[in-house]
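Subject: Structure for your review

Dear colleague,

Please find the structure below, handed over for your own work. My notes on what was found in it follow directly after.

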Amino acid sequence: MKKHILLFVLIFFFHFSYSSEDWGPTGHRTVGKIAENYLTPEVAHLIDEILDGQSLALVSTFADEIRSDSRYKEFAPWHYVNFPFDSTYEDSPKSEKGDIVVAIKKCISILKNKETSKEDKAFYVKLLVHFIGDLHQPLHIGLADDKGGNTFQVQWFDEGTNLHWVWDEKIIEQFGMSYTELTENTQKLSAEELENIKKGTIEDWMYEGRALCEDVYAHTKVGEKLSYEYMYRYAHIVRYQLQKGGIRLAQVLNSIFS
Ligand code: ADE
Ligand code: ZN
Ligand code: ZN
């Protein structure tokens, strides 16, 4: 009997520690922290009131924290979108439960509505911060067959894991930087580069992630050992995605609340 309990605990632990969800906390917090640098003072003040003084970095992981609570299960499919490489988002069947594009638009529309209560505003700001982050994780614009890389097994240095987790966590973890250090060490941008990042629609930003996702699949084999060479290829891309995510989050929040 004891053996069975031990086995159950081990399987439980293994399952939940290795099934990945999103950019890990460091990635999401970096997006939130970068966004704070681009909010207009008026919007920063409004959001501060809505969130009772909590920072965007702090609330960025809320959508993951509620994921294991069954009361919030309707929001689980809002973290990603899957469609085949040889198709487009528009031409693919939509999930009835929504997807990351629908989710972001829904958050924006609820937050723009003057009738929305302060409590709901806080809830949907927290979700929006998180989903704009997820939108910039290329494997969240993934394939249904392998659950966005969650069942695509690879080796990361000496550890067995999956491709999704490499992109959510491992590459960022390998930097050994905190979210504030990642924020302080973002790429310097010209005014023109900044304007180009801010431009575009949610779909445009989603397709950027899709292009990166296709590149990842072209350069990663099942069971492959990924290490320094992989970091060299993709680390700057991960950091740039976080930077763009932060700038665009601020852009969306500025346009909702100004
Ligand atoms: N579950 C199924 N597909 C997923 C994806 N693309 N990203 C995260 N979780 C998923
Ligand atoms: Zn993820
Ligand atoms: Zn998420």
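Of the 258 residues of the protein, 47% count as buried; please bear in mind throughout that this is a predicted model. The accessible surface amounts to about 13600 Å², and carbon and sulfur atoms account for 55% of that area.

Overall form

The protein is built from 12 helices and 5 strands. For a chain of 258 residues, a compact globule would be expected to have a radius of gyration near 18 Å, and the protein agrees with this because its own value is 18 Å. Along the principal axes, the C-alpha atoms occupy a box of roughly 55 × 45 × 40 Å. Among contacts with a sequence separation of 6 or more, 77% are made by residues 24 or more positions apart. As for charge, there are 28 positive and 39 negative charges in the protein, and their mean positions lie 3 Å apart.

The zinc site

Which residues coordinate the zinc ion (ligand 3)? The donors are Asp-22, entered twice through OD, His-79 through ND1, His-130 through NE2 and Asp-134 through OD, at 1.8 to 2.7 Å. Along the sequence, these donor residues follow the spacing D-x56-H-x50-H-x3-D. Two of them, Asp-22 and His-79, link distant parts of the chain, being 57 residues apart. Asp-22 sits in the loop between helix H1 (2–18) and helix H2 (25–36), whereas His-79 sits in the loop between helix H5 (62–65) and strand S1 (81–82). Both Asp-22 and His-79 are buried. Asp-22 also has a second role in the geometry, as it bridges the zinc ion (ligand 3) and the zinc ion (ligand 2), with 5.9 Å between the two ions.

Helix H12 and its surroundings

Two residues of helix H12 (residues 228–257) are described here, beginning with Leu-242. Leu-242 has a relative accessible area of 2% and is therefore buried, the cut-off being under 20%. Leaving out residues up to four places away in sequence, Leu-242 touches Trp-23, Gly-27, Thr-30, Val-31, Ile-34 and Ile-172. By contrast, Glu-214 is 28 residues from Leu-242 along the chain, and their C-alpha atoms are separated by 18 Å.

Tyr-230 also lies in helix H12. Its relative accessibility is 6%, so Tyr-230 counts as buried. With residues up to four places away again set aside, Tyr-230 touches Trp-156, Leu-163, Val-166, Trp-167, Ile-171, Val-216, His-219, Thr-220 and Ala-235. Between the C-alpha atoms of Tyr-230 and Phe-85 there are 22 Å, with their positions 145 residues apart along the chain.

Val-43 and Glu-208

Is Val-43 buried or exposed? Val-43, in helix H3 (residues 41–50), is buried, with a relative accessible area of 0%. Apart from neighbours within four places in sequence, Val-43 is in contact with Leu-253, Asn-254, Phe-257 and Ser-258. The C-alpha atoms of Val-43 and Ala-250 are separated by 9.2 Å, although the two residues are 207 residues apart along the chain.

Glu-208 belongs to helix H11 (residues 202–218). Glu-208 is partly exposed, at a relative accessible area of 28%. Its contacts, without neighbours within four places in sequence, are with Gln-241, Lys-244 and Arg-248. Glu-208 and Tyr-179 are 29 residues apart in sequence, and 23 Å separate them from C-alpha to C-alpha.

Backbone conformation

Most residues other than glycine have a negative phi. Two residues depart from this pattern and may merit your attention when you inspect the backbone. Lys-147, which is not a glycine, has a positive phi of about 50°. Lys-147 is placed in the loop between strand S2 (141–142) and strand S3 (153–156), and it is exposed, with a relative accessible area of 57%. Phe-157 likewise has a positive phi of about 50° without being a glycine. Phe-157 lies in the loop between S3 and strand S4 (159–162). Unlike the exposed Lys-147, Phe-157 is buried, with a relative accessible area of 17%.

With kind regards

How values were computed. Residues numbered from 1 in each chain as written. Chains lettered and ligands numbered in written order. Predicted model: local features only at pLDDT ≥ 70, side-chain atom pairs only at ≥ 80, totals over all residues. Heavy atoms only, no water. Helix = DSSP H or I, 4+ residues; strand = E, 2+ residues; numbered from the N terminus. Rg over C-alpha atoms; globule rule 2.2 N^0.38 Å. Buried < 20%, exposed > 50% of the residue type's maximum accessible area, 1.4 Å probe, protein only. Contact = heavy atoms within 4.5 Å. Areas by Shrake-Rupley, 256 points an atom, 1.4 Å probe, with all protein chains shown as cover. Lys, Arg positive; Asp, Glu negative; His and termini not counted. Charge placed at Lys NZ, Arg CZ, Asp CG, Glu CD. Donors = N, O, S within 2.8 Å, 3.2 Å for Na, K, Ca; no water.
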